Amino acid sequence: QVRLVESGGGLVQAGGSLRLSCETSGRPSRMLCMGWFRQLPGKEREFVAASSWSGSRTSYSDSVKGRFTISRDNAADTVYLQMRSLEPEDTAIYYCSADPLFESLVDGGTYWGQGLQVTVSA
């Protein structure tokens, strides 16, 4: 019922920036906490960032804190991940996720996008 579609990934050099977008359908985004996860090569999926319905509450993993910023535009049913000072270690498949409950989302949301490749070259 809820569809999440990521966009904005690609290839960037170390130190560069990318902004990922995730557009939702099937339920108003104001009804969902939304966030981002990633899967590094050879590793399990890990939490990156999350935002509450209003955007007033956010959470970040230690590995991206200070470099990545999550934001949302509920009128556009879209959540963003602004990625700055990218490092080769950030290379991963990035997934958008959503859940009605913030605490559930950070542990893995109910709804998932298909994933988006981000590659950071040295």
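A residue is called buried here when its relative accessible area is under 20%, exposed when that area is over 50%, and partly exposed in between. In this predicted model, buried residues make up 46% of the 122 residues in the chain. That share is a convenient starting point for a walk through the overall fold, the cysteines and a handful of individual positions.

The secondary structure consists of one helix and eleven strands. Followed along the sequence, these elements come in the order β-β-β-β-β-β-β-β-β-α-β-β. The radius of gyration of the chain is 13 Å, close to the 14 Å given by the globule rule for 122 residues, so the chain is as compact as a globular protein of that length. Along the principal axes, the C-alpha atoms fill a box of roughly 40 × 25 × 25 Å. Among contacts in the chain with a separation of 6 or more, 58% are between residues 24 or more positions apart.

The surface and the charges can be summarised briefly. About 6,100 Å² of the chain is exposed, and 47% of this area is supplied by carbon and sulfur atoms. There are 12 positive and 13 negative side chains, and the centres of these two sets lie 4 Å apart.

The cysteines deserve a closer look. A disulfide is a covalent bond between the sulfur atoms of two cysteines. With a cut-off of 2.5 Å between the sulfur atoms, the count comes to one disulfide. This bond joins Cys22 to Cys96, with an S to S distance of 2.0 Å. Cys22 belongs to strand S3 (residues 18-25) and Cys96 to strand S9 (residues 92-99), so the pair ties together parts that are 74 residues apart in sequence. The torsion about the S-S bond of Cys22 and Cys96 is about -85°, and the disulfide is therefore left-handed. Cys22 is buried, its relative accessible area being 0%, and Cys96 is likewise buried, with a value of 0%.

Cys33 presents another case. Its sulfur is 12 Å from the closest cysteine sulfur, that of Cys96, which is too far for a bond. Cys33 also counts as buried, at 4% relative accessibility.

Cys96 appears again in the surroundings of Tyr111, a residue of strand S10 (residues 111-112). Leaving aside residues up to four places away in sequence, Tyr111 touches Val2, Leu4, Arg27, Leu32, Cys96, Ser97 and Ala98. For one of these partners, Ala98, the separation from Tyr111 is 13 residues in sequence and 5.1 Å in space, C-alpha to C-alpha. Tyr111 is buried, with a relative accessible area of 18%, a value that falls under the 20% limit.

Arg72 offers a charged counterpart to consider. This arginine, which counts as positive, lies in strand S7 (residues 68-73). With a relative accessible area of 15%, Arg72 is buried. Two C-alpha distances help to place Arg72 within the chain. Val106, 34 residues away along the chain, is separated from Arg72 by 16 Å, while Ala14, 58 residues away in sequence, is 26 Å from Arg72 in space.

Ala14 itself sits in the loop between strand S2 (10-13) and S3. At 42% relative accessibility, Ala14 counts as partly exposed. Beyond residues up to four places away in sequence, Ala14 touches Leu86, Pro88, Val120, Ser121 and Ala122.

Finally, two loop residues are worth noting for their backbone geometry. Asp77 is not a glycine, yet its phi is positive, at about 55°. This aspartate is placed in the loop between S7 and strand S8 (78-83), and is partly exposed, with a relative accessible area of 24%. Ser85 is not a glycine either, and has a positive phi of about 50°. The loop between S8 and S9 holds Ser85, which counts as partly exposed at 43% relative accessibility.

Terms used
Residues are numbered from 1 along each chain as its sequence is written. This is a predicted model: local features need pLDDT of at least 70, side-chain atom pairs count only at pLDDT 80 or more; totals for chains, interfaces and linings use all residues. Side-chain values use heavy atoms; hydrogens and water are left out. Helices (H or I, at least four residues) and strands (E, at least two) are DSSP runs, numbered from the N terminus. Buried means under 20% relative accessible area, exposed over 50%, partly exposed in between (1.4 Å probe, protein chains only). The radius of gyration is taken over C-alpha atoms; the globule rule is 2.2 Å times the number of residues to the power 0.38. Contact means heavy atoms within 4.5 Å. Accessible areas come from the Shrake-Rupley method with a 1.4 Å probe; for residues, only the protein chains shown count as cover. The place of a charge is taken as NZ of Lys, CZ of Arg, CG of Asp or CD of Glu.
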